[in-house]
Amino acid sequence: MKEEELYDSVNREAGRDRLSKRDKEIKDYLSRLRRLSIGDHAGDQKDYYIDKKNSLNDALTKIHNFIDTRNANRNTDDVLSVEDIKKLEKLYKNAISYIDSITGYLREVVSNSRATNKKYYRAWIDENDVLANDLAKDLAAITNSLKENEPKSLRGIYESSRIKSSYKVKKTYQARKTKGGILNQRIPVTIINDQKEEVEGFFTVDNIPNIIAENNKKMKKIKKAYAGKAEYINRADLRTIYDDFYDNNNSGIVTILTAKPEELLSLEYDEVIDEFASIYKNGKKVEDEEYDWIRQYIPGPVELKAFIELASLAFKEFNQTGINKDLGISAKSRVNRRNAAMSKVAETLGLDDLIAKSENVMLNIDGKNLKGTFMRKAKGFDSNSRDNNSPFFKSSAMCIEGLNLKKNVADMQILDYICGNPDRHRGNILYNYKELEDGRVELESIQGIDNDTCFGSKPYINIGMSSVMPEQMKVITKDTYNRLANLSPETLKHILYGFDLTSAEVDNAIERLLHLKKKIYDDSLEYEKGYAKGYLIEGRIKIVDDEELAMLSTTVDLGRKRKTIKGNTFDKIIDNTDGKKAMKEHADAMRREYLSLVYKTTVSSLPEYSDLVDMLKSDTSVFRGGSAGYTQMLEDMKLLKDQIMEFSECVVGKNVIVDGKHAKSLMDLKENIRQVLITTNEYIGYKDNKETGEEWRNNPNPHKPGRTERRYKNAIKIREFLNKQLDIFEELDHTHDKWSEFRRKEKELKKEYQKCNDNLSQHNTEMINRSFDIALNNKNSRTLYSIKQYFNKSKNTYERHYEIGKNRFQYQYVLGFGVNAVDSTKREELKKNIESELGIELPSDEMLLKIAVCSSFIYRKLDLAYSAASENTTNVILNELSFIHTDPTVNYEENIMNSPSFNKYFEENKDKILKCLPKGNLSISIPSDEMIDKMIQDYKTVYYNMYPNRQDVKENKASKEKKVISKLDKSIKNDMVK
C-alpha cells in the first residue's frame, strides 16, 4: 500500500471511530442529564435553568438522532446537503450555548459558601467542560465544511474534527528543552503539509509535566554530592525563604538566583553575601549584624554552592507553579495546546502572521504516533540570541517608525489582551529587520512565539507580569477594530471550547472581549468631541486609519512608559531596539555564557564526580593487592573532586576572568583532568593488551560481571566523563575567543552605531515638533468644537428668556477668550473655520477679547445672582459687582465696552488678561471664576478712580446695593417661575 493510501486509510478509520465515539458520548451524557438537579440555589431563575436543561436535552437528542438515522441506513459516507450541514451546525451551536449557561449556574452554586454538595456540582462542571470541548471540535469541522463550500459526508466531518493527522514528517532534529517556562520538550522538525510544501517548525508533545517530582530527583542528587553540607537545606526551608523575599519586596534575590546563578558562582563568598544583603535592604547600606541570618544559614563557600544550586532549581519551580496559580491554569492542563488556541483567535481576527502559527497535530516520530502541537518556525531575530553581527547593534529610534511595524505592535496588544497572554516579554517576540542601502537597518515587523500561558481563569487585571491592559493601549487600527467588532462572544466561545479549555477560562476570555469592545466604543465617543487627527488622550484607545497611524511617532506618541506608569508593548519594542543597550546586553550575555560554562565544568559536575568516586570505591573494598593502576585512578578522581569542592576557597574560582585570559585555577583543573585521563587510558590499555584472564570480553553468554570486568567498565565510564569535561573546556575556549573578538569589535560597533545615528537628534526633534504640531491642531480643533457647542446653546429658543440672554454672554466670552488663547500660527485658520461653520463674520482679535471680558463680567454677576435667587440667599460677592449694570435683554456689554473707564482698564491690563488664559488646556482656554473676579476688581479700581463722585457714602452704600440685588433677584425669580 502506498504511503498516501495508508494515511487516507488511517484517517477514514479515525472518522469511523470518532463518529461512533461521539454518538456514544452524547447518549451516555443524555442518560445522566435527566438526573441533574438544578436545586433551590437558582432561586427565582430556577424555571429558566430547567428550561435550559430541557433545551440541551432536546438539542443533543436531535444530534444523536441525526447520527443514528444515517448509521442505521448505512449512509454516513454519503455527501450531506448544505441544508443538512447548516441544520447540524445550528444544533451544535445551541447545545454548546445551553451547556455554557448551565455550567455558569453550577459555578455560581460552587462559589456560594452556603451551598451543599459542592463535589456533585464540580463533577458536573468537569463533565460539561469535556462535552463542550468535544462538541466545539465537531462544530469547527462543520463550519469549515460550509466556509470552504465543500460539503462532506457525516463520517468525513468527524474525520477532520480532531487534531490534524495528515502531515508527514520529513526530518527531525535533536530534541531540546525550552529555557524557563513549563519545560515542554520541543523537537525541531520539518513536515510536509497538505499542499506538499516543506514547513520547518517545532513539535511539542502533549505533556502534563510533574515539575515537583522532577525537581525532587534533581535536588536529591545535589544533596548527595554535597553530603552533610547540603542536607539541612530542604524544600520547606527554600519555600519559606522564597515567600519571605516576596513578602518583603525583595524579588530581586529570586531573580538573580533563577536567571543568573552562574554569575553568583563566580564571586567570592563575602561578595555573594553582600549582594544578597544589599538586595534584601533594597540597595541601602547594611551593617554586618543585619545579615547575620544569611551567614548563619550559609556559613561557608561549600554551603553557598549547595544553596545556589538548590535555590535556583526550587525557585524556578515555585515561580512557575506560582504563575500558573495566579493565572488560573490547572497543573493538569496541556499548556502546549493553548498556543494553537491563540493562533486560531489570531486567524479569526485576520492576524494570521502576527504570531507563529500553531496547530494541534499527530506526527509519527521515530515510529511512534505522538499527539502534540506544531508551531511553525517564526520569522526574525531573537533579541536574546544575538551574534557579533546582530542588526540590534545598528538599531535605534529611527528604525521603528514604519507603518507596518506600528500596526503589528498595536495588533499584538489587542490579541494578547483578548487571549489573556501575560507573557509577551522580549524573548517571546522575534524581530524582522531589513538592511538599508546606507548601512542602517529598519525593523519591518515582529512576530510572537511561545503563547502557552494564555487563557487563564483568573481576572487578568491582577496578573501583572508582561501584561498590557486596555488603559495602557493608545490605538487600534481601523481594520482590526472592524474585525473585532464582528467577533461575537458566541463565535469566540465556539472557537475556544475546541482547545480543551475550561468553561471558566472561556468565560474569562469572553469577558475580556466585551470589556475591550465597550472601552473602545466609549473612547470613540470621547474622541468625537473635536479632537484633532493624531492627538491621543491618556488612558483611551483611538481607532486610527493608516494615514493617522503613520503620523504618530512610536517613541514620542505610542509608547507611554513613565516612572509611575507601566509601559505597553510599544515601550518593549523601544527598549529592545536600543543599539547601545543591545551592545551592553550582548557583552553581559557573553560574560554569563562564559561563566555558565565555568560553572558547568566545575560546580555543576560535582554530583557526577561524586557518583564516579563511589563507583570506583565499591570495587576496591575487597581488593587484596594487584592493580595499582586502578587504585591510582581512584586516588586521582578523589583529588579532582576535592579540587572542585575547595575551588580556590571561592564559589567557582578566584578571578575567573583575568585580563582577557582564563584564570590559573581553571587551567590547573584542565591540566589535572588531562593527567587523570592519561592514567585512565593507561589502565584501559593495559587491560586491552592483557592476553589471559579476560575471557568475559569474548563470552557471548549472559553472565554476572565479576570484579575485573566491573573495574574495566568503570574505567571506560571515567574516560567518557573526562573526555566530556575536556570538550567543555574546548567550548570554554571557543566562547572566550568569541567574547574577546566582540570586545575588540565593540569600538567599531559603537562607531557604526554613531554613524547610523548621525541624524538621530534631528529625527527626535522632528518627532517632537510633529507631536507639538498635533497638539496645536488639537487645541484649534477642540476650541472650534467648544465654540460651536456654546453657539448652538445661545441659539436655543426653547430656553427661558433669561437663559437665552445668559447663554449669549457665555458664548461671547468663550469665543473671545478661546480664539485669543490659540497659538498665533493657528489662529487665522481657526477663525476661518469658525466663520465657515457658524456662518458669521468675526471682528479683530482685540475686539473679540474686549467683548469676551465684558461678557464674562456680566455673566459672572448673572451666575452669582441666579445661584443666590435659587437658594433664597444673598451672595455677598454681588456687593462688589453693583457698579456693573445687567439686563439679559439689553446689550449692556456694548455700553461697558464703549465706556472710557473700561477702555482705560483694557489698555492697562490687556497683557495681564491674556496671561490669564491657560495655555496647556487640551480644549478651549477660558479664565477661571477666580481670575474673572480678579479682573473685575481691577476694573472696579479704575472705574472709581475715574469717577470718585459716583462712589456712594459708606453708610448708604449697603442699603442701595441691597435694593439693586433685590430688584435683580425678583427679576430672576420671576423668570424662573415662567
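**Exercise 1. The loop between helix 17 and helix 18**

Task: Locate Asp-500 in this predicted model, and state what its phi shows and which accessibility class it falls in.

Solution:
- Start with the place. Asp-500 lies in the loop that links helix 17 (489-496) and helix 18 (503-527).
- Next, take the backbone. The phi of Asp-500 is positive, about 60°, although the residue is not a glycine.
- Now take the accessibility. Asp-500 has a relative accessibility of 30%. Buried means under 20% and exposed means over 50%. Asp-500 therefore counts as partly exposed.

**Exercise 2. Helix 17 against helix 3**

Task: Describe how helix 3 (residues 82-111) packs against helix 17, and sort the contact residues by class.

Solution:
- Two values are needed. Two packed helices are described by the angle between their axes and the distance between the axes.
- Read them off. The angle between helix 3 and helix 17 is about 90°, and their axes are 11 Å apart.
- Classify the angle. Angles of 65 to 115 degrees count as roughly perpendicular. Helix 3 and helix 17 are therefore roughly perpendicular to each other.
- List the residues. Helix 3 contributes Lys-93, Ile-96, Ser-97 and Asp-100, while helix 17 contributes Glu-490, Lys-493 and His-494.
- Sort them. This contact of helix 3 with helix 17 has 4 charged, 2 polar and 1 nonpolar residues.

**Exercise 3. Helix 32 against helix 33**

Task: Repeat the analysis for helix 32 (residues 900-915) and helix 33 (residues 929-946), and add the handedness of the crossing.

Solution:
- Take the geometry. Helix 32 and helix 33 pack at about 140°, with axes 9 Å apart.
- Classify the angle. Helix 32 is oblique to helix 33, because roughly antiparallel requires an angle over 145 degrees.
- Add the handedness. The crossing of helix 32 with helix 33 is right-handed.
- List the residues. On helix 32 they are Pro-900, Ser-901, Phe-902, Lys-904, Tyr-905, Glu-908, Asn-909, Lys-912 and Ile-913. On helix 33 they are Lys-934, Met-935, Asp-938, Tyr-939, Val-942, Tyr-943 and Met-946.
- Sort them. The contact of helix 32 with helix 33 has 9 nonpolar, 5 charged and 2 polar residues.

**Exercise 4. A sheet of 3 strands**

Task: Work out the strand order of the sheet that holds strands 7, 8 and 9, and name its edge strands.

Solution:
- Pair strand 7 (residues 381-382) with strand 8 (residues 429-435). They run antiparallel and are joined by 2 bridges. Phe-381 faces Tyr-431 of strand 8.
- Pair strand 8 with strand 9 (residues 441-448). These also run antiparallel, with 7 bridges. Here Asn-432 stands opposite Ser-445 of strand 9.
- Assemble the sheet. The order is 7-8-9, in an open sheet with antiparallel pairing.
- Find the edges. Strand 7 and strand 9 each pair on one side only, and they are the edge strands.
- Check the turn. Strand 8 and strand 9 form a hairpin with 5 residues between them. Gly-439 in that turn has a positive phi of about 95°.
- Look past strand 9. Asp-450 sits in the loop between strand 9 and strand 10 (475-477). Its phi is positive, about 50°, although Asp-450 is not a glycine.

**Exercise 5. The whole protein**

Task: How many helices and strands does the protein have, and what share of its residues is buried?

Solution:
- Count the elements. The protein has 34 helices and 13 strands.
- Take the burial. Of its 978 residues, 50% are buried.
- Finish with the contacts. Among contacts between residues at least 6 apart in sequence, 75% join residues at least 24 apart.

Definitions and conventions
Residues numbered from 1 in each chain as written. Predicted model: local features only at pLDDT ≥ 70, side-chain atom pairs only at ≥ 80, totals over all residues. Heavy atoms only, no water. Pairing = 2+ DSSP bridges. Helix = DSSP H or I, 4+ residues; strand = E, 2+ residues; numbered from the N terminus. Axes fitted to C-alpha atoms, helices over the stretch in contact; angles between N-to-C directions. Parallel < 35°, antiparallel > 145°, perpendicular 65-115°, else oblique. Left-handed = near helix turned anticlockwise from the far one by under 90°. Contact = heavy atoms within 4.5 Å. Nonpolar A, V, L, I, M, F, W, Y, C, P; charged D, E, K, R; others polar. Buried < 20%, exposed > 50% of the residue type's maximum accessible area, 1.4 Å probe, protein only.
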